[in-house]
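Biologist: I should like to understand the reasons behind the terms used for this structure. May I put some questions to you?

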Amino acid sequence: VISSSAETAGALDKAKFGVASPYVQLDRTEQIISVASMANLSSQIFTQSILPEKDKRQSVVVYGNQESLGIRFALVDDFPGKPDSGNSFVRVFHAMNGAGSIDVDLTTTGSSQALSAAFGQASGYLEIAPGTWDIRVKRHVDGTIAASSANIFEAGKAYSLIVEGEQGYFVKLIQLND
């Protein structure tokens with residue numbers, strides 16, 4: 001459950017593993033964002049003070065595990081607008097346990113691109129042609145394939161690909177429209 005100290009009506013949103021939540025609008029006043037588990041709402045997993053700005057979008061990414069890494073969180077700045085060129089922009093956020101860093105290959109007819117990210121980090125945005133791209137996520141250290149999918153990117157939009165789960169067990173690749 002994600003909540004804000006400035007919101008008295010209750011939680012901003014509830015998030016589930018592997019499911020994108022919509023953006024919520026926040027007042028432009030300093031506030032504390034906190035995340036708690038549905039299993040124990042009184043115990044906050046993390047908190048962070050933020051000052052929302054006009055036309056600035058941010059995503060909260062919760063990742064890690066309870067056994068060894070701990071539950072972690074990142075507040076990531078999202079693309080501030082639409083690409084002007086008629087192309088698409090895409091980046092990757094690495095939230096997959098079991099890999100210090102990942103490499104992501106994007107291929108389509110006649111073109112290939114690559115992105116990389118360290119655990120808990122987002123790559124920069126990459127400009128690509130709109131269309132269907134084959135995505136392959138690999139663990140950087142040994143090239144082990146973690147996930148693959150075919151994703152459609154539309155002209156004039158920016159996307160984040162979130163790689164989450166656990167290498168060798170269950171990895172999910174979700175696409176967010178920034």
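Biologist: What makes Ile45, Val60, Val62 and Ile71 a nonpolar patch?

Modeller: The model is a predicted one. Nonpolar side chains, Val and Ile among them, are joined into a patch within 5 Å. Ile45, Val60, Val62 and Ile71 form such a patch on the surface, and together they have about 250 Å² of accessible area.

Biologist: Why is Val60 called partly exposed?

Modeller: Val60 lies in strand β4, which covers residues 58–65. Its relative accessible area is 30%. Buried would require under 20% and exposed over 50%, so Val60 is partly exposed.

Biologist: Why is Ser160 called buried?

Modeller: The relative accessible area of Ser160 is 2%. The limit for buried is under 20%, and therefore Ser160 is buried. This residue belongs to strand β12, residues 158–166.

Biologist: Which residues are in contact with Ser160, apart from its neighbours within four places in sequence?

Modeller: They are Asp78, Arg91, Tyr125, Ile174, Gln175, Leu176 and Asp178. Contact here means heavy atoms within 4.5 Å. As for Asn177, its C-alpha is 6.6 Å from that of Ser160, although 17 residues separate the two in sequence.

Biologist: In which sheet does β12 lie, and what makes β9 and β13 its edge strands?

Modeller: β12 is part of an open sheet of 4 strands, in the order β9-β6-β12-β13, with mixed pairing. β9 (126–128) and β13 (170–177) each pair on one side only, and they are the edge strands. From one strand to the next, the twist averages 30 degrees.

Biologist: How do you know that β6 and β12 pair?

Modeller: Pairing requires at least two bridges. Strand β6 (residues 88–97) is joined to β12 by 9 bridges, so the two strands pair, and they run parallel. One of the bridge partners in β12 is Ala158, which stands opposite Phe89.

Biologist: What is the strand order of the open sheet with antiparallel pairing?

Modeller: The order of its 4 strands is β8-β7-β10-β11. Its edge strands, β8 (111–118) and β11 (145–153), each pair on one side only. Neighbouring strands of this sheet are turned by 20 degrees against each other on average, direction ignored.

Biologist: How do you know that β7 and β8 pair?

Modeller: Strand β7 (residues 101–108) and β8 share 8 bridges in the antiparallel sense. At least two are needed, so β7 and β8 pair. Ile102 stands opposite Ala117 in β8, and Thr107 has Ser112 as its bridge partner. The two strands form a hairpin with 2 residues between them, and Gly110 in the turn has a positive phi of about 80 degrees.

Conventions. Residues numbered from 1 in each chain as written. Predicted model: local features only at pLDDT ≥ 70, side-chain atom pairs only at ≥ 80, totals over all residues. Heavy atoms only, no water. Patch = residues over 30% accessible without salt bridge, like charges linked within 9 Å, V, L, I, M, F, W, Y side chains within 5 Å. Areas by Shrake-Rupley, 256 points an atom, 1.4 Å probe, with all protein chains shown as cover. Salt bridge = Lys/Arg side-chain N within 4 Å of Asp/Glu carboxyl O. Buried < 20%, exposed > 50% of the residue type's maximum accessible area, 1.4 Å probe, protein only. Axes fitted to C-alpha atoms, helices over the stretch in contact; angles between N-to-C directions.
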